[in-house]
Amino acid sequence: KNGIEGEVVLEVIFGTDGRPEEITVRAGPKLFHKEAIKAVENWRIEPVRSGNVLTKVRMTIRLRFSLYG
């Protein structure tokens, strides 16, 4: 059967604790926006250091979705 597919592009700013502080949808089908944000809200990254100082990180994340029925 045919399904609905799409890629959502998010811009995420991770704080010094490695947790997402800001999540912005940059592109992709509106149908998948809410689930993409919900998925990334639970992500954790290794905190990034610049020398001995923890720093925030901006990342572009692409999530691919497929719905088949």
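**Exercise 1.** In this predicted model, work out which class leucine 67 falls into: buried, partly exposed or exposed.

*Solution.* Start with the number: leucine 67 has a relative accessibility of 43%. Now bring in the cut-offs: buried means under 20%, exposed means over 50%, and partly exposed is what lies in between. Because its value is 43%, leucine 67 counts as partly exposed. Next, place it on the chain: leucine 67 sits in strand S5, which covers residues 57-68. Finally, check its company at the surface: Leu67 joins Ile4 and Leu31 in a nonpolar patch of about 280 Å².

**Exercise 2.** Find out which residues of helix H1 (residues 33-41) are buried, and where they sit around the axis.

*Solution.* First, pick them out: His33, Ala36 and Val40 are buried in H1. They span an arc of only 65° around the axis, so they end up on the same side of H1. Here's the general idea: an α-helix has 3.6 residues a turn, so residues three or four places apart point the same way. Last step, look for the cover: strand S1 (3-14), strand S2 (20-27) and S5 are among the parts that cover the buried residues of H1.

**Exercise 3.** Track down the aromatic pair and say which parts of the chain it ties together.

*Solution.* There's 1 aromatic pair to find. Phenylalanine 32 and phenylalanine 65 make it, with 5.0 Å centre to centre and 10° between the planes. Planes under 30 degrees apart count as stacked, and this pair is stacked. Now locate the partners: phenylalanine 32 is in the loop between S2 and H1 while phenylalanine 65 is in strand S5, so the pair ties together parts 33 residues apart in sequence. Both phenylalanine 32 and phenylalanine 65 are buried, too.

Key
Residues numbered from 1 in each chain as written. Predicted model: local features only at pLDDT ≥ 70, side-chain atom pairs only at ≥ 80, totals over all residues. Heavy atoms only, no water. Patch = residues over 30% accessible without salt bridge, like charges linked within 9 Å, V, L, I, M, F, W, Y side chains within 5 Å. Areas by Shrake-Rupley, 256 points an atom, 1.4 Å probe, with all protein chains shown as cover. Salt bridge = Lys/Arg side-chain N within 4 Å of Asp/Glu carboxyl O. Helix = DSSP H or I, 4+ residues; strand = E, 2+ residues; numbered from the N terminus. Buried < 20%, exposed > 50% of the residue type's maximum accessible area, 1.4 Å probe, protein only. Arc of directions from axis to C-beta. Contact = heavy atoms within 4.5 Å. Phe/Tyr/Trp six-rings, centres within 6.5 Å; stacked < 30°, edge-to-face > 60°.
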